[in-house]
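Reader: Please show me how to read the contacts around a bound ligand, and then how to read a single residue.

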Amino acid sequence: MIYLDHAATTPPTREVLEAAWPYLTQVTGNPSSAHEVGRAAKAGLDAAREMIAGVLGCRPGEVVFTSGGTEADNLAVTGIVTATPRGRHVVTTAVEHPAVLETALALRGRGFRVDVVGVDATGTVDLDELASVVTDDTTLVSVMAANNEVGTLQPLAQVSAICRAHGVPLHSDAVQAAGHLALDVDALGVDALSVSGHKLGGLRGAGFLHVRGAVALDPVLHGGGQERGRRSGTVDVASAVATAVALQRADAARAVETPRLRALRDELVAGVLETVPAAVLTGHPTRRLPGHASFCFRGVGGETVLAELEQLGVVCSSGSACAADSDDASAVLLALGIDADLARTAVRFTLGASTTAADVAEVLRVLPAAVGAAASV
Ligand code: PLP
């Protein structure tokens with residue numbers, strides 16, 4: 001089976017599992033306990049926090065462990081706006097993951113004004129529209145670093161400049177970008193950043209939110225006051241260690257892995273466009289995640305292509321794992337101006353550490369048959 005759905009989740013490496021193992025078997029205390037067993041667990045948690053801070057160029061205390069990307073996004077959006085007295089105005093984009101978009105839209109019911117800025121045909125945020133809606137009274141801007149369905153990278157430096165001009169905090173969902181892009185939060189110009197462990201080779205159900213010390217944050221989960229009162233609940237130390245090690249290793253491998261993935265991805269994109277006349281590349285042609293190739297296949301059901309490919313030994317997805325069982329056209333593709341019929345034909349191939357040139361060659365060999373079979377259904 002050739003697995004080309006690394007954006008849905010990517011398997012943990014052996015090194016990550018070995019780093020987490022002692023915290024599942026030997027160092028099993030509660031990191032909040034004052035005794036020696038608890039202190040040993042806390043030492044592991046502190047080391048994980050420092051490792052993450054090293055990659056982000058932030059202070060360890062600015063890292064809040066969460067149950068994953070979804071919780072980090074919810075905590076960022078809700079936690080920052082409820083803690084920040086000014087404005088009651090949130091700005092985000094039409095291509096955000098639902099963990100950001102739905103969280104922002106839910107704030108309308110709590111008296112917030114929410115502006116959803118559009119994107120162009122490549123999925124890039126409309127900077128003029130963004131600049132026109134952000135004011136000195138805006139509470140928070142949230143713009144993702146890279147899109148999960150079409151792979152488009154957002155121009156965070158320009159987004160940050162707009163936010164800085166108005167003194168507005170910027171949150172970015174970097175769940176897909178982490179491991180592929182440099183995450184130095186000062187260089188990115190962000191005030192809060194969400195990361196998920198399982199998209200990087202860590203464990204599912206773990207992640208973190210970086211939030212700058214100067215930015216106020218209300219908790220979303222109330223309870224025992226862990227994570228300095230910002231996120232209650234006993235932290236899963238093994239998963240936090242796994243996230244930290246996965247992030248550090250992915251970041252260290254980037255210089256080699258990014259060009260490798262990009263070359264494989266370019267070969268896949270060129271081959272698909274050449275051999276499948278119905279194929280349309282979605283997202284930005286160049287400003288996109290290195291391992292991300294997303295298409296629509298005009299006149300052919302995307303779900304049928306996926307089923308045919310699976311029969312032929314290739315697994316990929318229609319765009320977003322969360323929406324895999326929905327017949328609705330993707331809101332992200334509609335936001336790019338793709339019509340609903342074409343949007344329903346989406347197929348996303350996402351490459352990862354295990355992907356080889358032979359895998360790409362095999363996909364290119366079987367895809368025309370899969371699309372042909374789907375066209376005749
Ligand atoms: N944000 C983006 C861009 C994603 O792609 C995902 C997962 O697909 C999430 C957030 C949610 O992350 P998690 O699965 O860790 O909750």
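Reader: Which ligand atom does a polar side-chain atom of aspartate 173 lie beside, and at what distance?

Author: A polar contact is a pair of N or O atoms within 3.5 Å; within protein, one must be able to donate a hydrogen and the other to accept it, and residues adjacent in sequence count only if both atoms are side-chain atoms. Here, a polar side-chain atom of aspartate 173 lies 2.6 Å from a nitrogen atom of the ligand. For lysine 199, a polar side-chain atom is 2.6 Å from an oxygen atom of the ligand. This is a predicted model: local features need pLDDT of at least 70, side-chain atom pairs count only at pLDDT 80 or more, and totals for chains, interfaces and linings use all residues. Residues are numbered from 1 along each chain as its sequence is written, and side-chain values use heavy atoms, with hydrogens and water left out.

Reader: How many residues surround the ligand?

Author: A residue is near a molecule if one of its heavy atoms lies within 4 Å of it. In this model 13 residues surround the ligand, and Gly69, Thr70, Asp173, Ser196 and Lys199 are the closest.

Reader: Is threonine 355 buried or exposed?

Author: Buried means under 20% relative accessible area, exposed over 50%, partly exposed in between (1.4 Å probe, protein chains only). Threonine 355 has a relative accessible area of 1%, so this residue is buried.

Reader: Which backbone nitrogen does the side chain of threonine 355 reach?

Author: That of glycine 352, at 2.8 Å. Contact means heavy atoms within 4.5 Å; beyond its neighbours within four places in sequence, threonine 355 is in contact with Tyr3, Leu4, His6, Arg260, Leu264 and Val360.
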